[in-house]
Structures are given as C-alpha cells and as structure tokens.
Amino acid sequence: MKAGRGGDGCVGFRREKFIPEGGPDGGDGGKGGDVVLIGDENVGDLTQFRFNPSIKAQSGDSGRGRDQFGHAGADAEVRLPLGTVVYDAETDRVVTEITEHKQRTVLLYGGKGGLGNVHFKSSVNRVPTQSTPGEPGQVGHFKLVLKTIADVGLVGYPNAGKSSLTNALTNAHPKMAPYPFTTLHANVGIIEYPKEYERISMADIPGLIEGASENRGLGHEFLRHVERCNLLLILLDMAGTDARDPLDDYKHLLAELKNYQPELLKKPILVAANKMDEEVSAENLKRFKKKFKKVKIWQISCLTGEGLDELKVELKEQVKKEKVVSAKAGKLTT
C-alpha cells in the first residue's frame, strides 16, 4: 500500500499590465492522499484484495502561479470487514484492528505539499527562485487476517451438522453435503427473535481435525475465528457417523481449543447433541451423561427440528448474560 506524494511548490511571479515586475506568487503543492481503513459491517470477507492487492492513494497537485495552491490528493479508502487484524508484513507486528462499524484508521499518511517561492521572499531576496518538492507518501506492506466477530461460535468436527444447524437457525445458507469439509470459510448468520425484536449472530466455524491447534489441515485458519465470539456452541454428532465416538470428539475439541489458546475455555460453552432422531444416539447420549456428569447437553435434531427452539432461546439468554459480564468488566478496567 502507498500513500500519495505531495505536490511540488511553484516558482511564479506576478505579471500583469502595468505591473511588469511583480513579486513572487508561486503557490504550495497539495498534500498527498492518505490510505484510510474503514470498518464496514456490510463487507464479509477479504476477497477484494485477491484481485487488487496494491492500494495507492492519489498524489497532490503541484502549486501554480497567482498564489494558487494545488489540490490535495484523494484518500484511498479501504473498506474492511469487522474483525480484520492488520499486520506489518515484515515484522509480523499488529498495526491495528478493525472491530467497529464506520471505524476510520489512517494506515499510511500522504506526503506534505512543497512550498512555493512566495515563502522565500525577504527584504534582501525580492526575487526568490526557490521552491521545495512535495514529500513522498508513506509506503508499507501489510498482511490482513480476518477473525470473525460473532456472538456465538459454532464448533464441531466435520459432518457434525454445523451447516445444517446454521441453516435451521440463521439467515445464512452454507453448503451442505455428506462429506467432510463442506464448509471452507466461516459463515456468519443472524438468529432472529421477532417477538422480542432481538437478534444475535452465529459463526459456523469450519470443521476441525485432530492437530488443528498445531495448524494441521487448515487449523489456525479455522480456530482464529472463535477468538472473538462471546460464547462457544460445541456440536456433537451423537450418532457417531463415520465410526466416530462423540465422547472422544468432545474431549478432543476441548483439547484443541485449549492447546490453541487456553483462554478460550474460559468462555461460556454450550454443548448440543445432534442427530438424536437416530436410534444409536440414545445409547451414546447415555454414555456421555455418565462420563460427563456436570455437562448440560441440549438434545437436538437438525433433520426433524427437535430441540431447536429451546436451543435458540438458550443461546439468546447466554449471549445476554455474557454481554452484561463483559460490560461490567470493561467498566472495572477503565
């Protein structure tokens, strides 16, 4: 990315009828445009940079005679989805984070315009021919990483039914298919509560695998999206599709979250048992409750709709509680 260069100052002298030898009147150059990052809740991803990775602001115009200053260069406004983290590509240092709608951050400043010769006149220098060139704008190479911001982060292994649950509860419609890794990007949907005039957001995090915390597969690409969620919803395939054991899945999911970032386990966590419409699910649920006696589990079926209304209400209540806790914590730290 590159900010605009400042315009050059002008060397000029007043020349009019009856004033053949007027004084200096060279104007200043205009300031170069800045590179400005703007948070936009209507932007969902960073695909715009795949085809346009180089961002340049406009340079300022040069000054002109008759004390005319050059126009400032237009800013290059870059609209980013909420949750974007900007890293310096060379040092890997976090430069800024975009977390709010309409948040404006100047990433690179444009160069100052040069001075016209009018600034150099004095009692001993009546005919100055000096001017200064415009300064170059700042240049930088950056890496943009999107960490989805949502109230609820939906976590589970491939084929647990996350896309089906997202389709059932929200206005997002991720692709569904009976094979792993149907979802390759985090999908954020809105859960509506029309009677209460309320809504919450839920992010369908792509399915994890063992070793995700060690960045196996697309581990870190997936796990980074749960960092900013208010609470986590772990979805288990209680039918044990693909010869999986839901008890092992639960333990491994917690372990992957802990290994990636231990603070994630401090977030409120809800557990939902999907595919309860299948016969084997009842026996697996019995084993789960015996093994994890303190874990409250919500029984649902994305196929039949069983338990979805109750889960939807619980998600809203938990998000409300967490926001109250976060607000109090914020007041205590300010």
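This is a dialogue on reading the sheets, helix packing and cavity of a predicted model.

Visitor: How many strands does the open sheet with β4 in it have, and in what order do they stand?

Guide: To read a sheet, follow its strands from neighbour to neighbour and then note the sense of the pairing. Here the open sheet has 3 strands in the order β4-β3-β6, and its pairing is antiparallel. β4 (94-98) and β6 (142-146) stand at the edges with a single partner strand each, so one side of each is left without a neighbour in the sheet. Direction ignored, neighbouring strands of this sheet are turned by 20 degrees against each other on average.

Visitor: How many bridges join β3 to β6, and which residue of β6 is the bridge partner of T84?

Guide: Strand β3, residues 84-88, runs antiparallel to β6 and is joined to it by 5 bridges. The partner of T84 in β6 is L146.

Visitor: What is the strand order in the sheet of 6 strands, and which strands are at its edges?

Guide: This open sheet reads β8-β9-β7-β10-β11-β12, and its pairing is mixed. Its edge strands are β8 (187-193) and β12 (297-299), each of which pairs on one side only. From one strand to the next, the twist averages 30 degrees. At the β12 end, strand β11 (residues 269-274) pairs with β12 in the parallel sense over 3 bridges, and A272 has W298 as its bridge partner in β12.

Visitor: Which helix packs on this sheet and touches β8, and which one lies across β11?

Guide: For a helix on a sheet, look at the strands it meets and at the angle between the directions. Helix α2, residues 162-169, packs on the sheet and touches β7 (152-155), β8, β9 (198-204) and β10, and its direction makes about 160 degrees with that of β9. Helix α4 lies across β7, β10 and β11, running at about 150 degrees to β10.

Visitor: At what angle do the axes of α4 and α5 cross, and which residues meet there?

Guide: The axes of α4 and helix α5 (residues 279-291) come within 9 Å and cross at roughly 45 degrees. An angle from 35 to 65 degrees falls outside the parallel and perpendicular ranges, and α4 and α5 are therefore oblique to each other. On the α4 side P246, L247 and Y250 take part, and they meet N284, R287, F288 and K291 of α5. By class, this contact has 4 nonpolar, 1 polar and 2 charged residues.

Visitor: How many cavities of 30 Å³ or more are counted, and what is the volume of the largest?

Guide: A cavity is read by its volume and then by the residues around it. The count comes to 1 cavity of 30 Å³ or more, and the largest cavity has a volume of about 50 Å³.

Visitor: Which elements supply at least two residues of its lining, and how do the lining residues divide by class?

Guide: β10 (231-237) and α4 (246-260) each supply at least two residues, and β10 gives the most, with 3 residues. Among the lining residues are G156, Y157, L235, L236, D237, R244, D249 and L253. By class, the lining divides into 6 nonpolar, 3 polar and 3 charged residues.

Terms used
Residues are numbered from 1 along each chain as its sequence is written. This is a predicted model: local features need pLDDT of at least 70, side-chain atom pairs count only at pLDDT 80 or more; totals for chains, interfaces and linings use all residues. Side-chain values use heavy atoms; hydrogens and water are left out. On a 1 Å grid over the protein atoms alone, a cavity is a set of points where a 1.4 Å probe fits but cannot get out, and a pocket is an open set with protein on both sides within 12 Å along at least five of seven lines; lining residues have an atom within 4 Å of a point. Grid points are joined across faces, edges and corners, and a volume is the space filled by probe spheres set on the points. Helices (H or I, at least four residues) and strands (E, at least two) are DSSP runs, numbered from the N terminus. Ala, Val, Leu, Ile, Met, Phe, Trp, Tyr, Cys and Pro count as nonpolar, Asp, Glu, Lys and Arg as charged, and the others, Gly among them, as polar. Two strands pair if DSSP finds at least two bridges between them. Axes are lines fitted to C-alpha atoms, for helices over the stretch in contact, and angles run from 0 to 180 degrees between N-to-C directions. Angles under 35 degrees count as roughly parallel, over 145 as roughly antiparallel, 65 to 115 as roughly perpendicular and the rest as oblique. Contact means heavy atoms within 4.5 Å.
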